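This briefing treats the contact between two domains first and the nonpolar cores after that.

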Amino acid sequence: MSGLASELISMEDHHSLFENEIRKLPVPVCSIFLKDGRIVPASFQKTNQAIGSPDAEKVNHEFPKTVKESENKILETVPLSRASASGKRVAVLFSGGPAAGGHNVIVGLKKALGGNNTLLGVKGGPKGLIEGKLFKIKEGDIAGIINTGGFDFLGSDRTKIKTEEQFAAVKKTAKDFQLSGIVVVGGDDSNTNAAVLAELLSDDKVQVIGVPKTIDGDLQIGGLLPISFGFDTATKVYSELVGNILQDTPSSRKYWHFIKLMGRSASHVALEVALQTKPAITLISEEIEETKMSLEGIVSHICDIVAKRAAKGINHGVVVVPEGLIEFIPEVKRLITELNETMAKFGEDINKMNFFEEKKDFLYKKLTAESTKLMATLPDEIEKMLLLDRDSHGNLQVSQIPTERLLIQMVEEKLSEMKRHPDEFKHLNLSDEEAKCFMASKFATNSHFFGYEGRCGAPTLFDAAYTLNLGLAAGSLILDGKTGYIVSITELDRGGKVQALPLTGLLNIERRHGKDEMVIKKGLVEINSPAFAYFAERRGVWAEKDLFTSPGPRQLWGPISKQMPISVALNRGCDSIRFDLGKETSL
Ligand code: FBP
């Protein structure tokens with residue numbers, strides 16, 4: 001075998017030159033976890049700051065044990081002053097969609113727990129916990145996963161633990177494996193699961209700690225929890241791709257690209273990518289809902305920008321569409337709510353129906369007249385997608401709905417209507433020359449959906465550091481005997497302040513599956529936030545001329561590797577996009 005062939009074979013199974021090097025990459029560690037250059041756990045103490053939801057009375061009633069213990073007060077770190085606990089057996093699981101940095105949470109946990117405690121991995125998420133699929137994580141495993149992307153080491157799933165049988169099964173797993181702690185790495189729904197488990201297992205002395213994960217960025221709580229992990233990597237991957245497409249548009253000069261970006265309901269991903277790349281049009285679902293913009297209004301807004309650019313001879317551009325847009329358009333939202341409630345109420349009847357038409361007829365009859373009318377105007381493809389089964393948390397699977405293609409179709413129709421009836425673009429005040437230019441223009445399109453491309457890449461340096469420190473915090477909380485908290489790091493530009501938030505303080509009542517449920521509220525884009533305000537101020541200029549930027553591939557080494565998300569830097573009032581999460585430390 002040639003030298004090259006054997007070198008290539010040695011790179012198989014996650015050993016590319018890149019993967020080998022990132023395992024050796026030093027990662028910033030917050031000073032609270034460093035002593036004489038070594039990584040150590042920290043201790044936690046209660047602050048006087050309590051957090052409580054508007055539904056606190058009901059929450060306190062449902063979660064008496066954990067609320068009594070935490071008093072809903074935030075915990076802050078203090079240096080460990082005594083020997084840390086030993087003999088603990090802690091299980092860690094991933095829940096929901098993958099997000100870059102999950103593996104470093106495990107690395108951080110293992111480092112905090114040290115050699116005197118046992119870390120177990122749960123295979124396949126919450127379902128694995130129910131089924132008792134646990135294994136011991138060894139030092140050798142850790143060496144293999146440091147700084148690597150994906151959730152493949154453990155796997156994940158979206159099971160919501162809610163039935164009495166599931167509770168009993170989890171209790172059995174905890175007993176069988178003599179667990180003293182469970183760390184749930186997940187988003188809003190999964191951390192709701194963590195709150196429920198903390199209450200359920202409190203008499204069994206099994207502690208439960210949550211870690212904020214989701215590329216959607218919707219698990220963020222103002223100054224208390226600036227962002228979930230995975231958001232930075234996903235948005236930097238998408239920004240590179242969108243930046244490349246933007247670079248193509250004035251080069252080939254013939255396409256409008258409609259790019260849908262993952263992020264489920266919230267538009268944080270779309271907003272961040274817009275701030276990174278400056279495309280001509282970015283739709284923000286939360287603004288559309290707030291301003292009660294109809295589907296027709298959105299289409300007219302896009303057409304106006306397309307026409308104005310065409311009038312100046314610019315027949316290209318990029319439209320960024322958030323994945324969850326459809327759910328925020330008031331009339332569609334009403335339709336989806338009606339469908340959700342009907343599907344929840346008549347689930348058993350609907351499941352027995354074999355044919356789509358049968359299911360459709362049944363549901364149509366249960367809708368209000370306005371919703372039936374709207375449903376009938378939507379293309380068949382969209383109609384079908386709206387009737388898809390909901391996920392286990394009762395959510396519509398928005399990633400399956402081709403909103404970008406729906407918009408292309410509607411914009412095409414509207415533009416040709418504008419050209420047929422020039423009165424329809426009178427409000428643009430185009431000169432005769434400009435109007436002629438628009439009338440002669442072509443509208444050629446491409447559609448894209450960037451979603452799975454961004455979830456499992458190797459974490460950015462921000463996510464690698466953030467997750468390692470979150471793992472260290474979760475391990476420290478377990479050693480310190482705490483339960484029912486989610487870990488958080490603030491002051492991202494000043495060395496990182498590690499804290500723990502009581503999960504019960506974050507619970508609210510929301511309508512799910514046609515009934516009220518206690519859940520952690522999704523942190524949507526706030527249109528009075530500094531990040532949105534900055535975007536709103538600049539987007540008019542970006543629509544008029546090509547001012548896009550290409551942030552390039554994400555960097556793990558070198559002068560530009562220490563960037564946090566722009567939206568987080570703006571919202572947290574930072575002076576720069578550079579992050580500081582402590583001293584770079586070899587793992
Ligand atoms: P989480 O909230 O579980 O982190 O999932 C994020 C996400 O990537 C969403 O952006 C997307 O809508 C969804 O998962 C896709 O789900 P699936 O992986 O089941 O296709």
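**Domains and cores in a predicted model**

Between domain 1 and domain 2 there are seven residue pairs in polar contact, both residues at pLDDT 80 or more, where a polar contact is a pair of N or O atoms within 3.5 Å, one able to donate a hydrogen and the other to accept it, and residues adjacent in sequence count only if both atoms are side-chain atoms. This is a predicted model, in which local features need pLDDT of at least 70 and side-chain atom pairs count only at pLDDT 80 or more, while totals for chains, interfaces and linings use all residues. Residues are numbered from 1 along each chain as its sequence is written, and side-chain values use heavy atoms, with hydrogens and water left out.

**Domain interface**
- The domain assignment, automatic or from a database, gives domain 1 (25-230 + 456-521) and domain 2 (232-453).
- Domain 1 and domain 2 bury about 1,700 Å² between them, 50% of it on carbon and sulfur atoms, the buried area being the accessible area (1.4 Å probe) that two parts lose on being put together, summed over both.
- The rule finds one salt bridge across this interface, a salt bridge being a side-chain nitrogen of Lys or Arg within 4 Å of a carboxyl oxygen of Asp or Glu.

**Nonpolar cores**
- The largest nonpolar core (buried Ala, Val, Leu, Ile, Met, Phe, Trp, Tyr and Cys residues joined through side-chain atoms within 4.5 Å, with buried meaning under 20% relative accessible area, 1.4 Å probe, protein chains only) has 113 residues, and Ile 106, Val 183 and Tyr 466 have the most contacts inside it.
- At least three residues of this core come from each of domain 1 and domain 2.
- Apart from this core lies another, of 54 residues, including Cys 303 and Leu 406.

Note on methods
Buried means under 20% relative accessible area, exposed over 50%, partly exposed in between (1.4 Å probe, protein chains only).
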